[in-house]
Amino acid sequence: MLDVASNPSDAVEWALARFGDDIFRLAFSYMKTREDAEDVVQDVLIRYMQSGKVFEDENHVKAWLLRVSANLCKDKLKSASRQREVAIPEGYEAVAAEEEPKGESEVFQAVMALPEKYRSVIHLFYFEEYSTAEIASILQKKEATVRSLLKRGREKIEKMMKGDDGHAKEL
């Protein structure tokens, strides 16, 4: 049993050390920028500290954190402030910041190019190694829907990975 209420600051420190990278990777798969993903991680940990929940075990904590992360990302992507972003006026030069994790591969690029509904399921299945039942619970979808999204996501990645000649690219 893990009790957040008994010592919230230690619980957050433990959760960050144990699951911070997992939360960040999921948030990055939704948000596509390092800064937005870091904001989500911070918001998730604040909610964890404020929850005062008692968790059964580490897996329960991780699933809760990832569910909150996914929900926060969806909320941020829908928010009105994000919809009102403006382009940089002409004449100003934008400096490109490092936005993708180091060691980015063509497969990672293909996953990041997927629509969010496929990207999140692919991420949780392949990168976090959750089962389809666990993903269904985290994303609050039916397991059959998760399997369908995985199949379609894989098909989309396969199409993206095909070369101009119709043959698979060497990775």
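Helices here are DSSP runs of H or I with at least four residues, strands are runs of E with at least two, and both are numbered from the N terminus. With that in place, lysine 62 sits in helix H3, and H3 is where I'd like to spend most of this talk.

Quick housekeeping, everyone. This is a predicted model, where local features need pLDDT of at least 70 and side-chain atom pairs count only at pLDDT 80 or more, while totals for chains, interfaces and linings use all residues. Residues are numbered from 1 along each chain as its sequence is written, and side-chain values use heavy atoms, with hydrogens and water left out.

So, the overall layout. We have eight helices and two strands, and reading along the sequence you get β-α-α-β-α-α-α-α-α-α. Of the 171 residues in the chain, 35% are buried, where buried is under 20% relative accessible area, exposed is over 50%, and partly exposed is in between, with a 1.4 Å probe and protein chains only. The chain exposes about 10700 Å², and carbon and sulfur atoms supply 49% of that; the areas come from the Shrake-Rupley method with a 1.4 Å probe, and for residues only the protein chains shown count as cover.

How far apart in sequence are the residues that touch? A contact means heavy atoms within 4.5 Å. Among contacts between residues at least 6 apart in sequence, 68% join residues at least 24 apart.

Now, how much should we trust it? pLDDT is the predictor's confidence in each residue, from 0 to 100. The chain averages 81, and 80% of the residues score at least 70. Among the elements, H2 has the highest mean, 93, and helix H4, residues 80–83, has the lowest, 52. Then there's the stretch 94–103, where pLDDT stays under 50 and the model has 12 contacts beyond four places in sequence. Where pLDDT is low, the predicted coordinates should not be read in detail.

On to the core. By nonpolar core I mean a set of buried Ala, Val, Leu, Ile, Met, Phe, Trp, Tyr and Cys residues joined through side-chain atoms within 4.5 Å. The largest one has 46 residues, and those with the most contacts inside it are Tyr48, Leu65, Leu124 and Leu139. H1, H2, H3, H5 (106–113), H6, H7 and H8 (143–161) each put in at least two residues. Which helix gives the largest share of this core? That's H1, with 11 residues.

Back to H3, then. It covers residues 58–78, and for its 21 residues the expected span is 30 Å, taken as 1.5 Å times one less than the number of residues. Its end C-alpha atoms are 30 Å apart, so that agrees. At its start, a side-chain oxygen of aspartate 57 comes within 3.2 Å of the backbone nitrogen of asparagine 59.

What does H3 bury? The buried residues include Val61, Lys62, Trp64, Leu65 and Leu66. As for partners, the buried residues of H3 pack against strands S1 (2–3) and S2 (54–55), plus helices H1 (8–31), H2 (34–51), H6 (116–127) and H7 (132–139). Leucine 65 is a nice example: leaving out residues up to four places away in sequence, it touches Ala15, Phe19, Ile23, Val44 and Tyr48.

And lysine 62, buried or exposed? It counts as buried, because its relative accessibility is 15%. Beyond its neighbours within four places, lysine 62 contacts Phe19, Asp22, Glu128 and Tyr130.

That last one takes us to the loop between H6 and H7, where tyrosine 130 lies. At 10% relative accessibility, tyrosine 130 counts as buried too. It touches Lys62, Ala63, Leu66, Leu124, Phe125, Ile135 and Ile138, again not counting residues up to four places away. Tyrosine 130 and alanine 63 are 67 residues apart in sequence, but 9.5 Å apart in space, C-alpha to C-alpha.

Glutamate 129 is in the loop between H6 and H7. At 66% relative accessibility it counts as exposed, and its phi is near 60°, a positive value in a residue other than glycine. Glutamine 140, in the loop between H7 and H8, also has a positive phi, near 55°, and counts as exposed at 55%.

Last stop, H1, where we find serine 29. At 3% relative accessibility, serine 29 counts as buried, and, leaving aside neighbours within four places, it is in contact with Met112, Arg119 and His123.

Conventions: A polar contact is a pair of N or O atoms within 3.5 Å; within protein, one must be able to donate a hydrogen and the other to accept it, and residues adjacent in sequence count only if both atoms are side-chain atoms.
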